[in-house]
Amino acid sequence: MSDSTPQTSAPAGPIVAGLTPAQPESVPAHPVRARWVPLWFAVLWANGKARVGIVMLVGFVAVAVFAPVIEPHDPQSQSFDASLGVSGSNLLGTTAQGQDILSLLIRGTRTSLIVGLLGGVFSTLIAMLIGMVAGYLQGWVDEILSFFINLALVIPVLPLMVTIAAYSPVRGISLIIFIIAITGWAWGARLKRSQIITLRTRDYVTAARFAGDGAIRIIFREIMPNMTSLVVAGFMGSATAAIAAEAGLEFLGLGDPTTISWGTMLFWAEQGSAMLTGAWIWLLAPGIALALLITSLTLINFGVDALSNPHLRGD
Amino acid sequence: MAYFLRRLAFFVLTLWAAVTLNFLLPRLQPGDPARSILSRLGQNRSITPEQVKAIRLMLGIPNENLLLQYWHYLGSLAHGNFGLSYSNFPAPVSHLILQKLPWTLVLVGVTQIIAFVVGTVLGAFAAWRRNSRFDSVVSLTSTFIGTLPFFWIALLLLYVFSFVLGWLPNTGGYGGPPIQPGLNTLFLESAIYHSVLPAVAILITAPIGWIMGMRNTMVQTLGEDYIRLAWAKGLRSRRIALRYGARNAILPSVTGFAIALGAILGGQLLIEQIFNYPGLGNLMFQALSDRDYPLIQALFLFNTVCVLLANLLADVLYGVLDPRVRRGGSS
Amino acid sequence: MLLEVEHLSVDYAPKNGAAVHAVRDVSLSIAEGEFVGLLGESGSGKSTLGTAILRLTERPGKITTGSIRFDDRDITNANAGELRKIRWNEMSTVFQSSMNSLNPVATVEAQFRDVIEEHTALRGKAVHQRAAELLELVSIEESFLRFYPHELSGGMKQRVALAMALALDPRLVVLDEPTTGLDVVVARSILDNVRRLQRELGFAVLFISHDIGTVLESADRVLIMYAGQLVESQPANGMLRDPMHPYAKGMLGSYADPRNETIRITYIPGRPPSLLAPPIGCPFAPRCPEVIERCHTDAPEFLPLAGATVACHVARDQRTSGTATTTGFAGPVFVKTGASTASGDADVVLRVENVEKTYTTRRGMHQSTVAAVRDVSFALRRGQVTALVGQSGSGKTTLARMITGVERPDAGSIHFGQTAIHQLGRRGVRSYRRHVQMVFQDPFAALNPNRTVGYALSRPLRNYRRLSTSAAAAEAAALLQTVGLTPPEEYLGKYPHQLSGGQRQRVVVARALAPDPEMIIADEPVSMLDVSIRAEILELLDRLIRSRELTILYITHDLLSARMLADEVLVLQGGRLVESGPALQVIQAPTDAYTVTLLNAIPNPQARIAG
């Protein structure tokens, strides 16, 4: 008996509930298997694309964690000859300042992952807070919060970032994470708000009120578990956007140019006229690394998509 | 009718919010914003009295009542006085913006519209032939390109086609003197020649969002019951695909366009910086490195107003396209 | 023969799962001008069959074997181009009324124009004329041609769909649950339209439905489907007099005319089999009260027998060996006599007096007001069931919300004992809820899909009766026992998706009983359940009322179940109480015109064989 059940009988567990049409009486009762991984993870792992993505992501995390051990040289040392090509001691060559590209690349993994994680987490938390409060309480609270959501959606992000960076006395990763968090939450907030509005009118929420449960308990024990897939998908999207945004901001020089990250590598590549000197590896490597990391998250997102939108399951 | 009025109200309110944000940003720094800016300026160069005057004009007298400053600020905006640029002192900021506007407008206008059309057509087609070879190729390619940082693609294009192959120029909007800007063929030729690389960079990445968005929406639309009934009616595929499918599926993309405009302007900034293209994005970037605060502020405001206008337009368009929105409710 | 289906099988085969055999080896035929009814419950495969006949089956569905012949042409594998010749021209359809079957961005006229211009030479004004003519057939004014679908009510949309289906004078119209979800009176008018037009224009009809009364009243011949197969096919009159298959007997037994003095409705215990693996032997055997040994091992074939076609060993044996045949379903019966169980001097538990509620909706600039409830007064007595009968928009839901404290009336009063419900603050409402509970309509939405049965039951036990975890678990088990879910330990850990609709409703009832309330508001508790199992829940409710002296407000649009449970009936129309009285009296001798209309809308199939 296969793990996943066919489309026309019972759906795969609690995750896709709320989307089922009138069910036939012929639902066979099968026992709930004990799981030692959360259900959503198991569903993700079952999806081929998501599985590849998860493996890739784990690889990146490993590289980031073990960076000081893996990297062949100290990324900050400028002791090598400048603008070398591929050579024995510098597998990917060196920059115009004499730094080893491979070491820079490995150490830069940390920045992207941290920004992705923190930026994604903060964006998602803000989105959840604002979206869910607006959706659950409704009334004038909702009107005001919705206005802010729409406002945040409309304001052009990069010009805002440039403006903030212009005035800010501090530059660096924390500023970038801050900017990403306060500009990236709007889309997710809107989605969560509409999801909550749909869920709060469900009969089981009314039933919970009739059973004497208070609002807090209802939000956390009744509604939240039904929103897991949306929240996970939202986090994935935010993390991806954060990584891309960080690279763009560093590239423009809005971050701290002494940070070691893939974005700053591209910044220095442009400053150091990599194109003129033909140092194409310097140009290529950080971009490919970014692409691969974003690809891994996008692949995982395929699995999350299938979780929340049955239409897109390959059939 | 009510729908349109509501959108207009939102436009006005958001405009006010953006203006206020612009006002507040520099004042969020602790202490006297003018002094901290002046001190930062004074680090690298000497400040002329005119520059001090320009800053005071923009940021107001210290310790003056905040609300009074706000009132003055609103007043000067209403008069179209955005201040004087002090990297190009005494040129008024509005003058500079208007000068560079056509470059950005043409590049963005042409490429984004093409991207939208091409993207939605490809996406609709991919959804129509779901899971076919065409769909797989389109979806996979789009997803792949979508993971690449687009400014990096621009860099690569610049490197390959300008530096390595030398086919296309690597900087500027046109060839420079002796070519004079104006409606002469020499200038137009040169301008087009210089815009090819930036345009190609945009055209590679911009359609991606539309392709995937339209494909997903269309797949969902094609599962609707009115599509089934259209088949049962024996209508031709093309009619079903266009009048029943795409016509319904395109609605979210229209709102999506408005929302994406903010991102589009941001992307434009990156493109112009990379290709040294003389548009508004490049101007903003210059202003950033020159610490030309009046210019930065005005550009931010300008960007926001453009996005708002585009949103309003998109909302109006949506109202026109979707009868459920402009004629509500059932009898 | 206009339509001939032979040994048709349709499977759903998703990429990552086992195949579901939705339709198995079905053979049927429809003659010119014949009105054929296809009866079946959820999971029977009737809609899949209808979709297959129309050649609209989509991935992952697939016709695996068999053939479909229309007018002697094999259309089983025809492509879109070939099908275009017969689509709408000769074979058209009307979908289920709750579906979104009209293009939302095109006007009504545009939708007619589409199909008329595709298949005929008419253009321009002539098309408009023809569309107007068609709308007139279903009594809709020409001016509605310029409206968009979302501006029409559900009933109007269905009438438009019907008119559109007749646009090209087809020879066969497939109606797939066309009146489900519609107001009873509206549904009646649509069906009358269908029958009238069928007689006038002479097209054949395949009417797919689960509504026994309607099908038996209108059809010439009736087919019954179970677990993907046809089990019986008979002329309607024959079916009414002498149903052969035990399932057919069960289906017919679950339908009765509420106007009769004594009503017996049967229910079929158990559930249909899973369609993942075709059962060995007769699919109905596990639930059949007349089952014999052979039924478990030999799958019966669908063969002619005494003027009908049946797939049943028992029926065949009875008729060939001359033993007495049974017409009634030999299973459990729920009986209601004319004797009144109401005692007029029971205590009043809830008193509703002159209650009013108006809703104002604001859309942008202008407001619209809807008077949902107008000057309604009634009383609920201990141990009695009061049925609140009304269609959608009648105000019954608003009344329920006011009685349970979810909303406040704009005028009037509601008293529960001495407590004034309409004036309660939040804390007051919370303690009031201990005494009044709700049973909801949709068994799929009433239980949180992420919470077990045990959790759902524990909440009211912990909150209201302050039981400890272990005491609550024991009490939850006892409650499950009361509602007939045994052994209770098996159900406590289950998630809703593992239970059938009937089982879920039992859990919902158990949860409602948990705080030991005096009053229960039951909002259409059986309307979303299959007809053949409704009586089971009704009997459960009846038993609970008698044993616990519960007061129930039973909200419904279905007069049969109202009659089965209620002592008193209140009829609501447009927010006003138009009639009230003892159940049998209201149903047999209504005084208000609207009540009369409601009663006339009830199908009366027995009339065709009476006399």
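Let's start at C:Tyr554, in what is a predicted model. Setting aside its neighbours within four places in sequence, C:Tyr554 is in contact with a run of four residues, C:Val385, C:Thr386, C:Ala387 and C:Leu388. The other partners of C:Tyr554 are C:Ala522, C:Ala562, C:Leu565 and C:Ala566.

Now, where does that tyrosine sit? C:Tyr554 belongs to the largest nonpolar core, which has 337 residues. Together with B:Leu299 and C:Ala387, C:Tyr554 is among the residues with the most contacts inside that core. Helix α10 of chain B, residues 237-275, provides the largest share of the core, 17 residues. As a general reminder, nonpolar side chains in soluble globular proteins tend to be buried together.

Next, please look at where chains B and C touch. Chain B brings 25 residues to this contact and chain C brings 29. On the chain B side, α1, α9 (225-232), α10 and α13 (323-326) each give two or more residues. The top contributor there is α9(B), with six. By class, that side of chain B has 10 nonpolar, nine charged and six polar residues.

Finally, let's stay with chain B and look inside it. The domain assignment splits the chain into domain 1, 2-78, and domain 2, 93-328. Between them, 15 residues of domain 1 are in contact with 15 residues of domain 2. On the domain 1 side, α1 (2-27), α2 (33-44) and α3 (49-59) each supply at least two residues. Which helix gives the largest share of that side? That would be α1(B), with 10 residues. The domain 1 side has 11 nonpolar residues, plus two polar and two charged ones.

Definitions and conventions:
Residues are numbered from 1 along each chain as its sequence is written. Chains are lettered from A and ligands numbered from 1 in the order in which they are written. This is a predicted model: local features need pLDDT of at least 70, side-chain atom pairs count only at pLDDT 80 or more; totals for chains, interfaces and linings use all residues. A nonpolar core is a set of buried Ala, Val, Leu, Ile, Met, Phe, Trp, Tyr and Cys residues joined through C-beta atoms within 7 Å. A residue is buried if 20 or more other C-beta atoms lie within 10 Å of its own, exposed if 12 or fewer, and partly exposed in between; C-beta atoms are placed from the backbone. Helices (H or I, at least four residues) and strands (E, at least two) are DSSP runs, numbered from the N terminus. Two residues are in contact if their C-beta atoms, placed from the backbone, lie within 7 Å. Domain bounds come from an automatic or database domain assignment. Ala, Val, Leu, Ile, Met, Phe, Trp, Tyr, Cys and Pro count as nonpolar, Asp, Glu, Lys and Arg as charged, and the others, Gly among them, as polar.
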